[in-house]
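Q: I'm new to this structure and would like a close look at one part of it. Could you walk me through it slowly?

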Amino acid sequence: MVSQGSSPSLLEALSSDFLACKICLEQLRAPKTLPCLHTYCQDCLAQLVKGGHLRCPECRETVPVPPAGVAAFKTNFFVNGLLDLVRARAGGDLRAGKPACALCPLVGGASAGGPATARCLDCADDLCQACADGHRCTRQTHTHRVVDLVGYRAGWYDEEARERQAAQCPQHPGEALRFLCQPCSQLLCRECRLDPHLDHPCLPLAEAVRARRPGLEELLAGVDKNLAELEAARMVEKEALACLREQAARVGTQVEEAAEGVLRALLAQKKEVLGQLRAHVEAAEEAARERLGELEGREQVARAAAAFARRVLSLGREAEILSLEGAIAQRLQQLQGCPWMPGPAPHLLPQLELHPGLLDKNCRLLWLSFENQQPQKDSGKDGASSQGGEETQSPREDGAKTEKQGAVQPQSRDGVQTPKEDRAQTPQGDGAQIPKAERAQTPKESRSQMPQEDGEAQTAVGCRSNKKRKFKGRLKSISREPSPAPGPNLEGSGLLPRPIFSCSFPTRMPGDKRSPRITGLCPFGPREILVADEQNRALKRFSLNGDYKGAVPVPEGCSPCSVAALQGAVAFSAGARLYLISPDGEVQWRRALSLSQASHAVAAMPSGDRVAVSVSGHVEVYNMEGSLATRFIPGGKANRGLRALVFLTTSPQGNFVGSDWQQNSVVVCDGLGQVIGEYGGPGLHGCQPGSVSVDKRGYIFLTLREVNKVVILDPKGSLLGDFLTAYHGLEKPRVTTMVDGRYLVVSLSNGTIHIFRVRSPDS
């Protein structure tokens with residue numbers, strides 16, 4: 001994109017996508033300019049007309065179609081001139097690989113013309129060496145500029161060729177446009193001047209441009225000023241949102257520190273307060289995303305119009321500038337008159353309030369208060385410091401406030417209550433009231449859970465065999481940080497689903513030439529799975545018992561990456577293409593995907609008649625006929641360019657779950673792209689989120705390859721705890737899938753597959 005205030009070069013205009021139609025992605029043909037200054041092919045615009053109107057594909061502005069059709073839109077002479085230059089550089093006899101002389105057939109030479117070696121910039125003709133020498137010797141053409149054809153095609157003479165171009169009159173071929181009719185604002189050639197415009201005052205093109213250029217430059221300067229205001233407003237909005245998030249994180253930490261080590265009643269209130277805080281932040285973020293999307297949309301529209309006007313004023317010839325002067329002036333005036341948003345809307349900043357009677361079970365111990373955020377005209381740092389001085393207290397100040405209000409809690413050296421002190425304060429008679437979330441992680445009730453790394457957990461399992469002690473030591477070397485404790489929002493009962501090992505089997509078959517590299521898994525028929533082996537270019541079928549059922553043929557040369565099973569068909573991605581094939585390998589359709597992403601995740605919709613694929617940060621959904629059903633960006637337009645979904649799956653409830661490597665988080669959104677939940681906290685151990693799967697209840701199983709773990713999240717994306725660890729035999733897990741909603745299939749980097757039955761909490 002051309003930076004604000006700079007003038008684009010001719011080489012930049014010719015080498016960029018400025019001459020490509022954004023609809024057909026091909027070079028512009030019969031370019032027509034809409035009132036919003038976006039240019040498309042005439043035939044492409046004709047396909048968008050509905051009810052006498054069409055919507056611009058870029059800015060979504062509704063444009064009325066003239067009664068004469070899309071052909072009545074303004075012809076973009078500026079783009080036409082650039083296209084003529086591009087076509088001239090690429091012209092010639094393509095079959096022979098050499099351009100032919102244009103004058104030889106006219107003077108009785110070779111019928112097809114000899115090989116051209118030069119080009120006349122004035123005549124726009126390719127010439128052989130003999131014709132070029134004669135062209136310089138005639139009285140009529142001795143002033144013409146004849147240049148070397150190789151240098152011309154290399155772009156050495158683009159500027160000079162551009163200066164010698166002449167806009168041709170559409171009514172009188174061969175006549176150049178030379179005048180501007182002032183009453184009609186129409187470009188005229190000599191023939192047009194003598195016929196209907198004889199009595200009208202006309203100006204030469206150069207004089208007309210000198211008279212009208214200052215007005216356009218003044219309008220352009222006004223739009224540039226508005227762009228600066230938009231950018232400043234966007235930055236202020238982002239700073240306000242960052243301040244809100246920082247304060248929310250600080251309050252969340254205060255809530256966690258205040259709630260540690262107290263009884264079940266305090267845990268229940270902690271869950272309520274955190275839910276209220278999360279709801280407030282989500283609502284505020286949603287409102288901020290809408291405002292950011294509106295600001296970025298207006299900025300993009302204004303920037304595109306300004307860039308187009310700047311290109312025309314910098315590179316356009318007089319006829320082209322005057323032909324677009326009315327449309328450019330109208331658009332810039334329209335943008336100048338748009339209401340600009342000077343600053344962000346005030347946010348309610350949450351504040352933690354601690355009740356004096358912390359030990360009273362019948363008293364509400366935690367609640368939130370909200371204060372209006374005053375818009376700051378100074379920099380973000382000044383605003384943060386002013387707020388931190390009066391409205392926000394540091395954790396140490398809050399700790400002092402807690403002690404002053406009567407919150408008598410034993411504290412460790414770091415100000416956080418230790419687990420031993422917490423257990424020492426727990427009444428013996430309340431043993432039955434220990435939260436289920438804590439009981440779910442005790443070794444007695446779930447041997448599948450990872451042993452804790454504190455002293456008491458090691459004492460509890462100290463009587464086990466030396467073999468298990470050695471395994472625990474190896475586990476600690478793999479993951480030095482224990483996972484965060486399960487959150488309080490455990491869907492009512494508070495218990496986590498538990499894994500039950502079913503079987504394990506290798507995927508390497510006798511015909512494989514290389515070690516398997518499993519990049520995709522999906523359920524395939526009753527109690528079967530389909531394995532995408534990218535290294536051996538195969539789609540292999542296995543039962544849940546490990547029996548090999550054969551393979552689904554793939555097109556020759558394809559290396560399946562991600563795979564999904566639909567109704568009577570299989571969809572998979574390979575390179576930058578999406579394929580849909582029948583179970584016997586017949587290709588039903590294929591679609592080209594973006595080259596900016598190395599791999600594309602594929603997931604089947606719960607209905608089984610559509611397939612979703614991640615493409616450059618957004619999700620595209622195709623039906624069985626290969627038509628694009630919907631397309632969205634998680635979080636809306638405000639997240640354009642901020643997402644990179646490497647893994648993708650769908651839930652039985654119709655939601656999408658993806659691993660976002662750009663935000664380093666797991667995002668859950670509905671079918672319209674509205675974000676339901678997102679997690680990127682310490683439970684990821686600093687790892688990139690890996691493969692995701694969802695069971696029939698909506699629980700999310702996330703693979704963390706670097707620490708050999710599969711963690712579990714609730715349907716809204718909140719971390720609950722570990723589900724599988726190295727204790728269960730995980731060694732560099734790669735991808736997972738869920739079969740029948742209750743069997744978790746995990747593939748390892750060595751090609752081995754483990755199958756676990758997911759035992760629900762109430763079973």
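How many aromatic pairs does the structure hold, and what does the part around one of them look like?

A: Keep in mind that this is a predicted model. The structure holds eight aromatic pairs. Let's zoom in on one of them, Phe542 with Tyr548: the ring centres sit 5.4 Å apart and the planes meet at 55°, so this pair is tilted. For a pair to count as edge-to-face, the planes would have to be over 60 degrees apart.

The two partners sit in contrasting surroundings. Phe542 has 0% relative accessibility, so it counts as buried. Tyr548, on the other hand, comes out at 40%, so that residue is partly exposed. There is a third ring to look for as well: ring pairs link Phe505, Phe542 and Tyr548 into a cluster.

Now follow the backbone around those rings. Strand E17 covers residues 538–543, and strand E18 covers 548–552. E17 and E18 run antiparallel, with four bridges joining them. If you want a landmark along this pairing, find Leu539, which stands opposite Val552 in E18. In general, the strands of a sheet pair through backbone hydrogen bonds, and they can do this in a parallel or an antiparallel way.

Step back a little and you'll see that E17 and E18 belong to an open sheet of four strands, in the order E15-E16-E17-E18, with antiparallel pairing. The edges are strand E15, at 518–523, and strand E18, each of which pairs on one side only. Going from one strand to the next, the twist averages 25°.

How does this part fit into the whole? The chain has 16 helices and 37 strands. Of its 763 residues, 47% count as buried. Looking at contacts in the chain with a separation of 6 or more, 52% are between residues 24 or more positions apart. The accessible surface is about 37,800 Å², and carbon and sulfur atoms make up 50% of that.

One last thing you may wonder about is cysteines. The structure holds zero disulfides. A disulfide is a covalent bond between the sulfur atoms of two cysteines. Take Cys128: its closest cysteine sulfur is in Cys131, 3.5 Å away, which is too far for a bond. Cys184 tells a similar story, because its closest cysteine sulfur, in Cys181, is 3.6 Å away, again too far. As for their surroundings, Cys128 is buried at 9% relative accessibility, while Cys184 is partly exposed at 37%.

How values were computed
Residues numbered from 1 in each chain as written. Predicted model: local features only at pLDDT ≥ 70, side-chain atom pairs only at ≥ 80, totals over all residues. Heavy atoms only, no water. Disulfide = S-S within 2.5 Å. Buried < 20%, exposed > 50% of the residue type's maximum accessible area, 1.4 Å probe, protein only. Helix = DSSP H or I, 4+ residues; strand = E, 2+ residues; numbered from the N terminus. Contact = heavy atoms within 4.5 Å. Areas by Shrake-Rupley, 256 points an atom, 1.4 Å probe, with all protein chains shown as cover. Phe/Tyr/Trp six-rings, centres within 6.5 Å; stacked < 30°, edge-to-face > 60°. Pairing = 2+ DSSP bridges. Axes fitted to C-alpha atoms, helices over the stretch in contact; angles between N-to-C directions.
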